[in-house]
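Subject: Structure for your review

Dear colleague,

I am passing on the structure we discussed, and below it you will find an account of what was found. Please read the two side by side.

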Amino acid sequence: MPRPTAAQLVYGSATVVCTTLALLLLSGTESGIGVAIAATTGLALGLLVAVRLPQPAPQPRPAAHGPRTVSVGAPTRTHHLPDAFGAQERVPAARQDEHSLRR
C-alpha cells in the first residue's frame, strides 16, 4: 500500500477540522451523541478528500541486485592495443588517438 503524500495529509486533516467545526456550529448541538456524529461525519469527509486526491506517478525502482549499467546512445567500440609489456589492453575508440600518441 503506498504511503500518503503530504498533500493528502494536509487536505484530509483540514477537511476533518473544518467540517467538524462547521457541523458543530451550525447544528448547535451540545449532546455527546451530536458531537460524535459531527466528528464521525468530519472524519469520513476528510478520508474521502484524502483518498480522492491524485497520486503522483510511481518512480521506477533500481534492481536490488546486480551491477547498475547505464547505456546511452550506441555501444562504445573498443580496440585491442598492446601495452608496454606486450599484453593486449582494451581501449575505447575515443581514447585510441590519445593512446597512440603516447607511444
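The buried residues of α1 pack against α2, and the packing is described from the other helix as well, with the buried residues of α2 set against α1. Please bear in mind throughout that this is a predicted model.

Taking α1 to begin with, the residues of this helix that are buried are Q8, G12, T15, T19 and T20. They cover an arc of only 115° around the axis, which puts them on the same side of α1. On the other side of α1 lie A6, V10, C18 and L25, which are exposed. The general background is that an α-helix has 3.6 residues a turn, so residues three or four places apart point the same way. As for its dimensions, α1 covers residues 6-27, which makes 22 residues, and the distance from its first C-alpha to its last is 31 Å, close to the 32 Å expected at 1.5 Å a residue. Just after α1 comes G28, whose phi is positive, at about 70°.

The second helix, α2, can be described in a parallel way. Its buried residues are G34, A38, G42, G46 and A50, and seen down the axis of α2 they fall within an arc of 135°, so they line one face of the helix. The other side of α2 carries the exposed residues G32, I33, I37, T40, L47, V51 and R52. With 21 residues at 1.5 Å a residue, α2 should span 30 Å, and its end C-alpha atoms are indeed 30 Å apart, which agrees.

Which elements does the chain contain besides these, and in what order do they run? The chain has three helices and two strands, and from the N terminus on the order is α-α-β-β-α. Of the 103 residues in the chain, 14% are buried. Among contacts between residues at least 6 apart in sequence, 31% join residues at least 24 apart.

Two pairs of residues illustrate how parts of the chain that are separated in sequence are placed in space. A7, which sits in helix α1, has its C-alpha 9.6 Å from that of P54, although the two are 47 residues apart in sequence; A7 counts as partly exposed, because its relative accessibility is 37%, between the cut-offs of 20% and 50%. The other pair is P58 and P2, which are 56 residues apart along the chain and whose C-alpha atoms are separated by 9.5 Å. P58 belongs to the loop between α2 (32-52) and β1 (78-82), and because its relative accessibility is 75%, P58 counts as exposed, the cut-off for that class being over 50%.

P2 and P58 also appear together in the lining of the largest pocket, which is made up of P2, Q55, P56, A57, P58, Q59 and R61. How much space lies in the largest pocket? The value is about 160 Å³, and by class the lining has four nonpolar, two polar and one charged residues.

With best regards

Technical notes
Residues are numbered from 1 along each chain as its sequence is written. This is a predicted model: local features need pLDDT of at least 70, side-chain atom pairs count only at pLDDT 80 or more; totals for chains, interfaces and linings use all residues. Side-chain values use heavy atoms; hydrogens and water are left out. Helices (H or I, at least four residues) and strands (E, at least two) are DSSP runs, numbered from the N terminus. Buried means under 20% relative accessible area, exposed over 50%, partly exposed in between (1.4 Å probe, protein chains only). On a 1 Å grid over the protein atoms alone, a cavity is a set of points where a 1.4 Å probe fits but cannot get out, and a pocket is an open set with protein on both sides within 12 Å along at least five of seven lines; lining residues have an atom within 4 Å of a point. Grid points are joined across faces, edges and corners, and a volume is the space filled by probe spheres set on the points. Ala, Val, Leu, Ile, Met, Phe, Trp, Tyr, Cys and Pro count as nonpolar, Asp, Glu, Lys and Arg as charged, and the others, Gly among them, as polar. The expected span of a helix is 1.5 Å times one less than its number of residues. The arc is that of the directions from the helix axis to the C-beta atoms. Contact means heavy atoms within 4.5 Å.
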